[in-house]
Amino acid sequence: MPSLLTLSDVMGTGDHAAVVANVGPGKKVAVVGGGAGGLCGVIAARRLGAEQIIILGRHADRIALAREFGATDVVSERGDEAIERVRELTGGSGVHSVLECVGLEQAVYTAISIARPGGAVGRVGVPQDEKTPGSEPAFYNSVSVSGGPAPVRAYIDELLPDVVEGRIEPGRVFDRTVDLDGVPDGYRAMNDREAIKVMVKP
């Protein structure tokens with residue numbers, strides 16, 4: 001049931017980021033953000049055949065789950081250090097596809113900066129700024145930037161069989177369950193990074 005529940009939100013969101021970032025067989029992929037959307041992005045990248053999946057995150061529990069979902073490398077640095085580390089992991093070229101699952105200015109700039117020339121960024125992190133950072137490097141490196149709110153219904157038909165047949169288990173992002181009275185505490189736990197995703201059972 002938890003994995004089916006993700007098809008209404010985070011699994012479709014992670015898949016949307018991967019699809020618009022042109023993830024495919026043999027591609028090198030980076031996922032910016034280790035929340036539920038980013039973790040589902042790792043699942044999506046692996047499902048679509050990515051050869052290398054780099055997760056950019058710092059929280060040990062999320063990184064461990066990302067590795068179980070298929071992440072091959074971890075970058076815990078931020079800013080210029082993160083950009084340099086991704087370049088090191090990709091032979092200096094950067095990745096073909098970036099899944100931006102945070103929405104903060106630094107995350108967007110990092111996503112655009114780690115894409116190789118001609119690469120693509122799939123943005124599903126809710127923007128926290130009106131302007132898009134990194135527009136100049138995106139322009140001069142021909143990096144396409146796409147995304148937005150995920151049309152999750154469009155992905156259900158293709159994801160549902162993988163969930164039902166046990167090929168993917170996105171429901172593992174739910175690491176806390178609350179009742180209706182516990183909803184405020186659930187939001188607090190996610191905000192404080194004490195929980196990845198909270199499931200509500202009335």
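These are my notebook entries on selected residues, helices and side-chain pairs of a predicted model.

**Entry 1: Arg116**

I began with Arg116, which lies in strand β5, residues 115-123. I asked which side chain of opposite charge is nearest to Arg116. I found Glu51, at 8.2 Å. A salt bridge requires a nitrogen of Lys or Arg within 4 Å of a carboxyl oxygen. I therefore recorded Arg116 as a buried residue without a salt bridge.

I then looked up the polar partners of Arg116. A polar atom of the Arg116 side chain lies 2.9 Å from the backbone oxygen of Gly94. The side chain of His96 makes a polar contact with that of Arg116, at 3.3 Å. Leaving aside residues up to four places away in sequence, I listed the residues that Arg116 touches: Lys28, Thr90, Ser93, Gly94, Val95, His96 and Val143.

**Entry 2: Glu51 and Lys28**

Glu51 had appeared as the nearest opposite charge to Arg116, and I next looked up its own salt bridge. Glu51 pairs with Lys28, and their closest N and O atoms are 3.7 Å apart. This pair links distant parts of the chain, 23 residues apart: Glu51 is in the loop between α3 and β2, and Lys28 is in strand β1, residues 28-32. Glu51 counts as exposed because its relative accessibility is 53%. I noted that Lys28 is also among the residues touched by Arg116.

**Entry 3: Other salt bridges**

How many salt bridges does the structure hold? The total is 15. I read the general principle beside this total: side chains of opposite charge can pair when their charged atoms come close.

I selected two further pairs. Arg47 and Glu158 meet in a salt bridge, at 3.4 Å from N to O. Arg47 belongs to helix α3 and Glu158 to helix α8, residues 153-164; the two are 111 residues apart, and the pair links distant parts of the chain. Arg47 is partly exposed, with a relative accessible area of 27%. Glu158 is likewise partly exposed, at 38%.

The second pair is Arg153 and Asp157, whose side chains meet in a salt bridge at 3.6 Å, N to O. Both residues lie in helix α8, four residues apart, about one turn of the helix. Residues three or four places apart in an α-helix point the same way, because the helix has 3.6 residues a turn. Arg153 and Asp157 are both exposed.

I also looked for a network. Salt bridges link Asp15, Arg47, Glu158, Asp162, Glu165 and Arg167 in one. Asp15 of this network is one of the buried residues of helix α2.

**Entry 4: Helix α2 and Asn22**

I turned to helix α2, residues 10-20, and asked how many of its residues are buried. Ten of the eleven are buried, and the helix is mostly covered. The buried residues include Met11, His16 and Val20.

Just after α2 comes Asn22, with a positive phi of about 60°. Asn22 is not a glycine. Most residues other than glycine have a negative phi. Asn22 is found in the loop between α2 and β1. At 43% relative accessibility, Asn22 counts as partly exposed.

**Entry 5: Arg193**

I recorded Arg193 for its phi as well: the value is positive, near 60°, in a residue other than glycine. Arg193 sits in the loop between α9 (183-191) and β8 (197-200). Its relative accessible area is 44%, so Arg193 is partly exposed.

**Entry 6: Helix α4 and Gly70**

Which residues of helix α4, residues 60-69, are buried? They are Arg62, Ile63, Leu65, Ala66 and Phe69. Seen down the axis of α4, these residues fall within an arc of 165°, so they line one face of the helix. They pack against α3 (36-47), β2 (52-56) and β3 (73-75). Just after α4, Gly70 takes a positive phi of about 130°.

**Entry 7: Phe139 and Tyr140**

Last, I searched for aromatic pairs and counted one. The ring centres of Phe139 and Tyr140 are 5.1 Å apart and the ring planes stand at 90°, so the pair is edge-to-face. I then asked whether these residues are buried or exposed. Phe139 counts as exposed, at 61% relative accessibility. Tyr140 also counts as exposed, at 63%.

Definitions and conventions:
Residues are numbered from 1 along each chain as its sequence is written. This is a predicted model: local features need pLDDT of at least 70, side-chain atom pairs count only at pLDDT 80 or more; totals for chains, interfaces and linings use all residues. Side-chain values use heavy atoms; hydrogens and water are left out. Buried means under 20% relative accessible area, exposed over 50%, partly exposed in between (1.4 Å probe, protein chains only). Lys and Arg count as positive and Asp and Glu as negative; His and the chain ends are not counted. A polar contact is a pair of N or O atoms within 3.5 Å; within protein, one must be able to donate a hydrogen and the other to accept it, and residues adjacent in sequence count only if both atoms are side-chain atoms. Contact means heavy atoms within 4.5 Å. Rings of Phe, Tyr and Trp (its six-membered ring) pair if their centres lie within 6.5 Å; planes under 30 degrees apart count as stacked, over 60 as edge-to-face and the rest as tilted. The arc is that of the directions from the helix axis to the C-beta atoms.
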